[in-house]
Amino acid sequence: MASPTPNQHSHAHASLELLYDISREIASTLDLHQVLNRVLALSMRTIGTVSGSIIVVNEQGKPVDSAIIYEDDMVNHSTRHLSTLLKQGLAGWVVKNRQSALILNTKHDDRWIKRSSQSKSIRNAKSALSVPLIAREQFVGVITLSHPIPHFLTHDHLDLLQAIADQAAIAVVNARLYEASQQQARVMSALAKSATGITASLKLSDVLQHILEQINRALMVDVVSLALIDAEKGYLVFRASSSPDKRIIGMKVKMGQGIVGWVAQEERGVVVSNTYEDDRFYAEIDEILGFRTRAVACAPIRSRGEVIGVLQAINPVEGGFGPDALLVLTGIGSLAGTAIQHAQLFEELQAAHSRYRDLYNNSIDAILITDWKGNIIEANRQTMILSEYAYRNLRHKHIRDIHDLDIETVGENLEYITSDETQSYESVLHAKDEKAIPIQVHVHLIHIDGKHLPQWTFRDITERKELDQLRDDLLSMIYHDLRSPLANVVSSLDVLESIESFENDATLSLFNIAVRSTKRIERLTKSLLDVNRLEAGQPVTNTKPTHVRQLIEESIDAILPIANNKNQELIIQVSDDIPPADMDENMIQRVLINLLENAVKYTPPESPVIVGAAQIGQELNFWIEDRGAGIPADKRSTIFDKYTRLHGEKGPRGIGLGLAFCRLAVNGHGGRIWVDEGAEGGARFAFTLPVAEQTREVESTK
């Protein structure tokens, strides 16, 4: 092999020196546009051309930046024009084939794009070469040079340009990486500043204002607007805007309508450089406000993975939106969603707290809050009015200091107070100056500052107690005033029955009505007396073994005329071998008659009423079942209280003593009374009485 000639050594040395200079020159900056300008300028100067271009593409093959020199003048081309160059002509061929190309005479090569204004004269013929920019097996762009003289450019020039391109490709990749890192740094910086500004307050109006300010600071636009989604009604409502014209506040846009509605519906951001060329643009708002939206960037506001609104930045102050505009806006949208939700929750909490405080202070009942030791830690205005204690004095008292604590209901250490139900009982409030006030107490748990604490409600029942006493006094007066004339009526009827045969049926019917009515009044007056006596704690002493079936039949006879008038059937369900019960016969008969009268009264005509009894262990279980409207479940525990009547019940109404007498009478015999739902609707009243003592003794010997 022949040794290199001195000229070859000199050429190689010059080439290496040239590449070193080029490498050092293009490595002196990391700005992508400067890199492109320097690469193109060095390439043209080194090879000796007067026109050239270098186009950089992204991973999708779309142009992102370029440098173009035509006859020593810098030329700016739109992205659309650059896309055309990459698809056609010599550069397009290099992009498609990923290899270098040399054209000695552009007039005779179809790969060269000829301008429509060019003639076919020889002086328009050129020589051109083009090489790809490839770094790390990634196509990053293409560089093309041309000379006005055909055959000027040679393969040596092509090799040299390829060597330059290899160096340039690495520089381009480095510049792009640097630009990406700078962009990320700008985005992170903008988001960090935005996070600080947006979360500086929990007041919703302040939060919205901070969001607008941060977007304006990051993107430098004319107007920023914010709309939130009303999910129930299916539209967006503009809630904030930096525009001086505040008419946009409150404007509504349907989901999918306009660019804002499209972003909300599609749940992704968009940048529109020319709104009037975009079919999604909704120009009606511009017409209303007298504003012109040239360019817009929109991004969804997200919270917990859901889109709750849209951010809109309009008309960049300088040029168009930068490549990181959507990224910044999307990031702020995520921050904004969390901040907005927190502010909304905080305002809801504040409103709820305010409502509770208003209800607490303006309640007509006294309300106190204690700790679990019973120490009073809070009291409302009505508590101070009712107790006549100052707030500072109440704060130093125990809950048992101001009322008689019902230990059986709430427990010695308040251990029976749970979150499941409200405990209630009657008590006496010990007000200032030893004043005693009857109260109804309700206690349940409430959640305050992360703790469950007992809340006590004291309702002044002085008027109710006074009314009850007035009723008792009135009933007592009625009883005593009725007893003497009633005895005279009964005696007169007995005498009349003994001396009169009543051969006339009408007269006999009237006499029987008078007798039944008199007996009913007797039962009522005796019941009134028994209520007072049993409430006073007097025991039931006049008890004896009583046959159950006979007692039930006699009780039915007393109300049979009423049942016959309604064509009702009275069904007895008592076995023949049922044992007798220990009872005050007259008192329990009045209990049965009372329950039967109620059953007949509230059962529709031609419907049955069932009365029965059965032995269960050492007790006899009695029941009366009707086909009426029944007793609501929430009223069954109070239906036996004095003066209790169901609101809204139809038909005749009493004074609310009948069932109270039944409870006192049954309890006085050591039994229980309750009400359930009947098997076929209606109510089923039941009570128990002890089996007669002699029967228990006989059964124990078996």
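These numbered points walk through selected features of the structure above, which is a predicted model.

1. Start with helix α2. This helix covers residues 32-47. Its 16 residues should span 22 Å at 1.5 Å a residue. The C-alpha atoms at its ends are 22 Å apart, so the expected and modelled spans agree.

2. Which residues of α2 are buried? They are Leu32, Val35, Leu36, Val39, Leu40, Leu42, Ser43, Met44 and Ile47. Gln34 also sits in α2, but this residue is partly exposed because its relative accessibility is 38%, between the 20% and 50% cut-offs. The C-alpha atom of Gln34 is 9.0 Å from that of Ala67, although 33 residues separate the two along the chain. Just after the helix comes Gly48, with a positive phi of about 90°.

3. Move on to the hairpin of β23 and β24. Strand β23 takes in residues 673-677 and strand β24 residues 683-690. The two run antiparallel and are joined by five bridges. Asp676 has Arg684 of β24 as its bridge partner. Five residues lie between the strands. Gly681 in this hairpin has a positive phi near 90°.

4. Salt bridges deserve a careful look. How many does the structure hold? The count is 14. One of them joins the side chains of Glu388 and Lys435, at 2.7 Å from N to O. This pair links distant parts of the chain, 47 residues apart. Glu388 is in the loop between α10 (381-387) and α11 (391-394). Lys435 is in the loop between β15 (423-430) and β16 (436-448). Glu388 is partly exposed, at 36% relative accessible area. Lys435 is partly exposed too, at 39%.

5. A salt bridge also forms within a helix. Arg549 pairs with Glu553, and their closest N and O atoms are 3.2 Å apart. Both residues belong to helix α16, residues 548-565. They are four residues apart, so about one helical turn separates them. Arg549 is partly exposed, with 29% relative accessibility. Glu553 is partly exposed at 33%.

6. Next, the pair of Arg672 and Glu619. Their side chains meet in a salt bridge of 3.6 Å, N to O. Arg672 lies in the loop between α18 (658-668) and β23, while Glu619 is in strand β22 (residues 619-625), so the bridge ties together parts that are 53 residues apart in sequence. Arg672 is partly exposed, with a relative accessible area of 45%. For Glu619 the value is 29%, which also counts as partly exposed.

7. Some salt bridges join into a network. Its members are Glu625, Arg627, Glu680 and Arg684. Arg684 has already appeared, as the bridge partner of Asp676 in the hairpin.

8. Now the cysteines. How many disulfides are there? The count is zero. Cys298 is buried, with 0% relative accessibility. Cys662 is likewise buried, at 0%.

9. Check two backbone angles. Most residues other than glycine have a negative phi. Arg304 is not a glycine, yet has a positive phi of about 55°. Arg304 sits in the loop between β11 (296-303) and β12 (306-316). Is Arg304 buried or exposed? Arg304 counts as exposed because its relative accessibility is 73%, over the 50% cut-off.

10. The other angle belongs to Asp433. Its phi is near 65°, again positive in a residue other than glycine. Asp433 lies in the loop between β15 and β16. Lys435 of the salt bridge with Glu388 is in the loop between β15 and β16 as well. Asp433 is exposed, with a relative accessible area of 67%.

11. Finish at the surface. Which residues form a nonpolar patch there? Val495, Leu496 and Ile499 do, with about 280 Å² of accessible area together. Ile499 is part of helix α14, which covers residues 462-499. Ile499 is exposed because its relative accessible area is 63%, over the 50% cut-off.

Conventions
Residues numbered from 1 in each chain as written. Predicted model: local features only at pLDDT ≥ 70, side-chain atom pairs only at ≥ 80, totals over all residues. Heavy atoms only, no water. Patch = residues over 30% accessible without salt bridge, like charges linked within 9 Å, V, L, I, M, F, W, Y side chains within 5 Å. Areas by Shrake-Rupley, 256 points an atom, 1.4 Å probe, with all protein chains shown as cover. Salt bridge = Lys/Arg side-chain N within 4 Å of Asp/Glu carboxyl O. Buried < 20%, exposed > 50% of the residue type's maximum accessible area, 1.4 Å probe, protein only. Pairing = 2+ DSSP bridges. Expected span 1.5 Å × (residues − 1). Disulfide = S-S within 2.5 Å.
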